[in-house]
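Thanks for coming, everyone. I'll take one structure today and go through it piece by piece. Here it is on the screen.

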Amino acid sequence: MGPQEVGGRVGDAVRRRRWRSTLPDGPSVTGALFTAVLPAGAIAAVPPDAAKRLIADADLLMAGHAEYFGVERDDLVDPDWWYDPKTGRRAPWGYAFDVPYRDEDAAGDIKQIWELSRHQYLTVLAAAYAITGEERYAERVAEHLRSWWAANAPLRGAHWISGIELGIRLISWVWIRRLLDGWPGVTGLFESNPVALQQIWHHQRWLAAFPSRGSSANNHIIAEAAGQFAAACAFGWFPSSARWRADALRSLELHLRSNTFESGLNRELATEYHGLVLELGLAAVAEGDAADVPVPDSIRRVLLRKTDALAAIVDNRLRPPRQGDADDGHGLIVDGAGTDRWASLLATGEAVFGRLEWWPTVTGTDVRTPLLAALIRPAAPPEARPATRPAHFADAGLTILRGPSEIWCRCDGGPHGFLSIAAHAHADALSVEVRHDGVDILADPGTYCYHGQPEWRRYFRSTLGHNTLQLDGTDQSVSGGPFLWTRQARTRVLVANPSDADVARWCAEHDGYQRSVHRRRVELSAANQELRVVDEVRGLRRAAHLAFHLGPAITADLVGNRAVLTWTRDGEDRSAVLDLPEQLSWRAHRGETDPPLGWYSAGFGRKEPTTTLLGTGSVDGAAPSGEFTTVLRFRG
């Protein structure tokens with residue numbers, strides 16, 4: 001931390017002590033009006049199949065059923081707001097900043113507790129009311145909001161600890177109020193409800209007092225600023241609203257730019273956070289436009305670049321890379337299960353900014369796009385957009401190689417992560433991720449967990465957990481905790497020629513292993529449908545582990561150093577041959593726990609066994625034959 005950040009955190013600590021004993025009442029509000037309603041025709045523009053999915057989910061919620069991070073819940077008719085269904089524990093009551101939320105034994109899994117209280121399931125119910133007009137959805141929303149407000153007094157308990165939770169919750173409340181417009185009880189729930197007004201005011205006071213700072217100013221500060229701005233626009237009923245709105249907009253502009261490479265990719269190099277930040281930014285712009293608050297063109301330009309970058313990196317099934325941390329976080333949810341997040345974002349981008357010729361075709365429908373498009377002014381700010389589909393993002397170190405039969409390969413040669421702690425980075429320098437027609441062949445393992453299971457957190461962000469080379473049993477970068485790296489590998493791309501029609505090439509190296517350099521070359525031959533990976537180590541003789549993690553749909557038959565891979569796609573049998581370096585001894589591992597090896601996490605809190613092919617041996621960086629060559633050939 002620098003001096004400014006240290007000073008800010010000292011001030012936060014002093015403020016927390018002071019707030020423990022003094023909790024002011026919010027200002028008295030009279031005559032509040034909500035004017036940020038949806039334009040006429042917005043709900044009618046929702047595609048019928050998207051509406052059907054939404055209503056099906058809403059009916060499950062009405063019956064009390066939902067799934068969060070792999071845990072099924074059936075208690076949502078009358079939820080306990082502090083209960084963690086995974087561990088069976090309840091977070092303790094008391095002053096918010098005393099709650100030991102990182103201690104799962106004391107407070108349960110805090111992600112499970114927090115997720116429900118983002119109130120994004122209530123935006124789904126509110127959207128169901130807006131589409132159907134059935135008051136039972138609105139009544140359930142009102143019942144749960146009143147229950148939450150009564151159980152979670154300002155600064156008491158686990159839901160007043162983290163700014164990102166308050167910011168996202170405010171966005172949800174804005175959209176709940178908007179979607180319930182027309183329901184007879186809505187003004188009594190919000191504008192005329194002293195409890196609601198106190199909650200909205202205290203949320204914004206908290207966000208103004210405790211912004212994420214310095215080394216922690218990643219996606220969290222954007223969620224805080226977006227939520228503060230949204231509430232100050234839509235609920236601009238307080239004496240401080242104008243100041244909160246202006247300060248939040250300045251913070252949003254600053255941190256959207258600082259969190260985004262010029263290429264448009266997110267600096268955290270964690271794809272799901274790219275999606276989260278894009279959703280938060282679009283939600284904030286929608287509130288500014290709905291309230292006639294001028295939003296700087298610089299914000300719109302960043303969101304445009306992020307949208308074009310997303311369109312560039314997805315595979316043929318619109319799946320982006322599985323890079324870095326992922327916790328299934330969303331900025332705004334008004335859709336049912338089965339709605340593709342990435343297709344939805346691209347559909348919104350097309351509606352707001354316009355599509356380019358090289359963009360992939362967006363299939364599927366969603367509820368969110370017509371609602372956001374009805375609020376956001378459609379004119380895109382002047383910005384030079386890519387004339388052809390980018391494949392190499394030099395600032396982010398991300399390169400996409402594409403071949404026939406929908407072969408897609410991501411090569412990682414970028415910075416370790418964002419800011420000094422690189423909180424959401426993995427030790428995955430020079431890793432590759434390979435798909436065939438959207439199926440994971442060589443897979444990034446995902447994230448699985450953050451708190452409470454340190455051995456799994458270590459595995460899923462380790463070097464051995466990725467498709468790259470590990471030396472001497474150590475990670476390329478040194479971890480200092482679940483969201484901290486004390487030494488970060490430095491990577492540089494030497495060759496990036498992804499557009500060659502015959503053989504696309506990429507080469508990079510990193511210095512994460514002291515007194516040794518790992519260099520990797522990747523070539524994708526279009527004619528042979530062949531991917532060649534060559535690993536080279538320069539320096540001392542080292543023990544080596546080379547891992548290739550197969551996707552969960554892949555069956556592997558390993559004999560010696562050759563693995564025959566088979567899978568099914570859309571009812572069709574497909575296969576490939578993976579020839580592994582003969583200098584190493586190869587074994588298949590699957591679903592092992594001591595230590596963990598052979599796992600795939602499709603989403604936060606979920607993991608399943610998969611096959612890892614692990615080669616062990618040694619490499620002599622001084623020897624002329626110190627190279628390992630791996631060849632993946634697709635059949636047919």
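One definition before I start: helices, of at least four residues, and strands, of at least two, are DSSP runs, numbered from the N terminus. With that, His451 can be placed: it lies in the loop between strand E7 (439–442) and helix H16 (454–460). Keep in mind that this is a predicted model.

Let's stay on His451. Is it buried or exposed? Buried means under 20% relative accessible area. His451 comes out at 18%, so it counts as buried. Leaving aside neighbours within four places in sequence, His451 is in contact with Arg102, Glu104, Ile110 and Phe483. For a sense of scale, take Gly264. Gly264 and His451 are 187 residues apart along the chain, and their C-alpha atoms are separated by 30 Å.

Now a second loop residue, Ser162. Ser162 sits in the loop between H6 and H7. Its relative accessible area is 11%, so Ser162 is buried too. Which residues does Ser162 contact, beyond four places in sequence? They are Trp114, Trp206 and His220.

Trp206 leads us to the aromatics. The count comes to 24 aromatic pairs. One of them is Phe97 with Trp206, a stacked pair with 6.1 Å centre to centre and 25° between the planes. This pair links distant parts of the chain. Phe97 is in the loop between strand E2 (71–73) and helix H3 (104–107), while Trp206 is in helix H9, 109 residues apart. Trp206 has 3% relative accessibility, so it counts as buried. For contrast, Tyr459 and Phe460 make an edge-to-face pair, with 5.2 Å centre to centre and 75° between the planes. Both Tyr459 and Phe460 are buried.

There is also an aromatic cluster. Its members are Phe34, Trp148, Trp149, Trp173, Phe190, Phe235 and Trp237. Hold on to Trp173. We meet this residue again in the core.

Next, the nonpolar cores. The largest one has 143 residues. Which members touch the most others? Trp173, Leu180, Phe190 and Phe235 do. Helix H10 (residues 219–234) gives the largest share of this core, with 11 residues. A second, separate core has 39 residues, including Leu442, Leu550, Leu578 and Leu632.

Back to Trp173 for its contacts. Outside the four-place window, Trp173 is in contact with His119, Leu145, Trp148, Trp149, Phe190, Gln199, Ile200, His203 and Phe235.

Leu145, Trp148 and Trp149 take us to helix H6, where they are among the buried residues. The others buried in H6 are Tyr137, Ala138, Arg140, Val141, Ala142 and His144. What covers them? The cover includes helices H2 (48–62), H5 (120–132), H7 (163–179), H8 (186–189) and H9 (194–209). A quick geometry check on H6, residues 135–151. It has 17 residues, which at 1.5 Å a residue should span 24 Å. The end C-alpha atoms are 24 Å apart, so the two agree.

On to the strands. A general reminder: strands of a sheet pair through backbone hydrogen bonds, either parallel or antiparallel.

Start with strand E18 (residues 572–579). 6 of its 8 residues are buried, so E18 is largely enclosed by the rest of the structure. Strand E17 (residues 562–569) pairs with E18 in the antiparallel sense, over 8 bridges. In that pairing, Leu565 stands opposite Ala576. E17 and E18 form a hairpin with 2 residues between them. Asp570 in the turn has a positive phi of about 55°. E18 also pairs with strand E25 (residues 627–634), antiparallel again, over 4 bridges. There, Leu578 stands opposite Leu632. Both of these leucines came up a moment ago, in the second core.

Last, one sheet as a whole. 4 strands form an open sheet, ordered E8-E15-E24-E19, with antiparallel pairing. Which strands are at the edges? They are E8 (469–471) and E19 (585–590), and each pairs on one side only. Neighbouring strands of this sheet are turned by 25° against each other on average, direction ignored. E8 is joined to strand E15 (residues 541–549) by 3 bridges. Within that pairing, Gln470 stands opposite His545.

That's my tour. Happy to take questions.

Notes. Residues numbered from 1 in each chain as written. Predicted model: local features only at pLDDT ≥ 70, side-chain atom pairs only at ≥ 80, totals over all residues. Heavy atoms only, no water. Pairing = 2+ DSSP bridges. Axes fitted to C-alpha atoms, helices over the stretch in contact; angles between N-to-C directions. Expected span 1.5 Å × (residues − 1). Buried < 20%, exposed > 50% of the residue type's maximum accessible area, 1.4 Å probe, protein only. Contact = heavy atoms within 4.5 Å. Core = buried A, V, L, I, M, F, W, Y, C linked by side-chain atoms within 4.5 Å. Phe/Tyr/Trp six-rings, centres within 6.5 Å; stacked < 30°, edge-to-face > 60°.
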